[in-house]
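Thanks for sharing this one. Here are a few notes to read alongside the coordinates, in no strict order.

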Amino acid sequence: MSVGPLLDIKDLYVHFHVFGGTLKVLDGVNFTVYSGEKVGLVGETGCGKTTTMKAVLRVLPMPPARIPGGEIYFKGRDILKMGAEELGRVRGEGISMVFQDPTAALNPVFTIGQQLGAVVRYSLAGGKRISRKEIHQRAVVALKEVALPDAERLLKNYPFQLSGGMRQRVCIAMAVAGSRELIVADEPGTSLDVSIQDQILRLLRRLVEEKNTSVILITHTLGVVREIADRVYVMYAGKMVEVATTEELFSRPLHPYTLGLMKAVPKLTGGGIADGIPGRIPDYLDPPGGCRFHPRCDQAMGVCSQEKPWFYRVSDDHEVACFLYREGGKEK
Ligand SMILES: Nc1ncnc2c1ncn2[C@@H]1O[C@H](COP(=O)(O)OP(=O)(O)O)[C@@H](O)[C@H]1O
Ligand code: SF4
Ligand SMILES: [Mg+2]
């Protein structure tokens, strides 16, 4: 019996100490996922989506990364305070991540069978001994679930013998093998052909629906989340700027950044979002004060460069971090 959120990120800061100074990337991230929920996380490249999720799995390289503030609760326990054993359990049974680049996620020197077998052994057996035969059978089932034909032969292959689409499917198989509670899919298939990307997304949706797994789908395009997510967070330059149910967000987008993203949607086949919003993500060495979006915002007011906006609640299922939606907001 679990009450409260499955994942609850509170006021998370991540800095990177690099030659030349400190990149202040995450600037107080708040993000929540409830059990069984499918949540989208959208924002243009470089806004900190992957950094946020790497912090959750504690796979940020430290140094250069540092976490000067924040908490990340998974089922009520702060991941940032966990010891190695508990963290191992979270990674083995609780949360798994499907990375953007399937090539980098698979180890080139081990066969698919060895890698998938390791995941199966770890997450299914929960520390108990299971036979090689059983591991093999489970690995075959996992590959069939992601619609990969000829599983027996595939298990003997090395990653380089597979196409990009097959590698991405193997990564998904590894993420869903066992009873994971939360899958973080970081722009799955983005490095692949559009039609294959589409198949990958459909596959992911089917699996999370069948297994009732919670999922965080990261993407830089709004169109993708519309089909999968129950709720969507929009992120800009290290902070969440708007959150709403998917239906509400698409029918009533409010934050000026979200509006820009919406305008850019049809043009998002390969490029950036430059057509929707002039300008670019700020320099994290010296980010703008106040609302980080103010240098690009066509509705910026005096207060916007001075103070940071909080999340203002505009309805039960919709919050916006923008002074326009503070009570009496437009006067200032
Ligand atoms: N290992 C690192 N070292 C230094 N800076 C990094 C590192 N990883 C990420 N960053 C910084 O964090 C910013 C956000 O990156 P990222 O989280 O990958 O964005 P997104 O996933 O939204 O495209 C990057 O622009 C970069 O400046
Ligand atoms: S707070 Fe100000 S600068 Fe930021 S999005 Fe709202 S209006 Fe624009
Ligand atoms: Mg990323």
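1. Why is strand 7 (residues 182-186) largely enclosed by the rest of the structure? In this predicted model, five of the five residues of strand 7 are buried, so the strand is largely enclosed by its surroundings. The side chains split into two sets: Leu 182, Val 184 and Asp 186 point one way, while Ile 183 and Ala 185 point the other way. You may like to look at Asp 186 here, since both sets, this residue included, are buried.

2. Strand 7 has pairing partners worth tracing. Strand 6 (residues 95-98) runs parallel to strand 7 and is joined to it by four bridges; there, Ile 95 stands opposite Leu 182. Strand 8 (residues 214-219) also pairs with strand 7 in the parallel sense, over five bridges, and Val 215 of strand 8 is the bridge partner of Ile 183.

3. Now to ligand 1. Its shell holds 15 residues, and the closest are Phe 16, Gly 46, Lys 49, Thr 50 and Thr 51. Strand 1 (7-18), strand 2 (21-33) and helix 1 (49-57) are the elements that each give two or more residues to this shell. Helix 1 supplies the largest share, three residues. By class, the shell around ligand 1 has eight nonpolar residues, six polar and one charged.

4. Last, ligand 2. Here 14 residues form the surroundings, with Cys 291, His 294, Cys 297, Cys 304 and Cys 322 the closest. The shell around ligand 2 counts 11 nonpolar and three polar residues, with no charged ones.

How values were computed:
Residues numbered from 1 in each chain as written. Chains lettered and ligands numbered in written order. Predicted model: local features only at pLDDT ≥ 70, side-chain atom pairs only at ≥ 80, totals over all residues. Near = placed C-beta within 6 Å. Nonpolar A, V, L, I, M, F, W, Y, C, P; charged D, E, K, R; others polar. Buried ≥ 20, exposed ≤ 12 C-beta atoms within 10 Å, placed from the backbone. Pairing = 2+ DSSP bridges.
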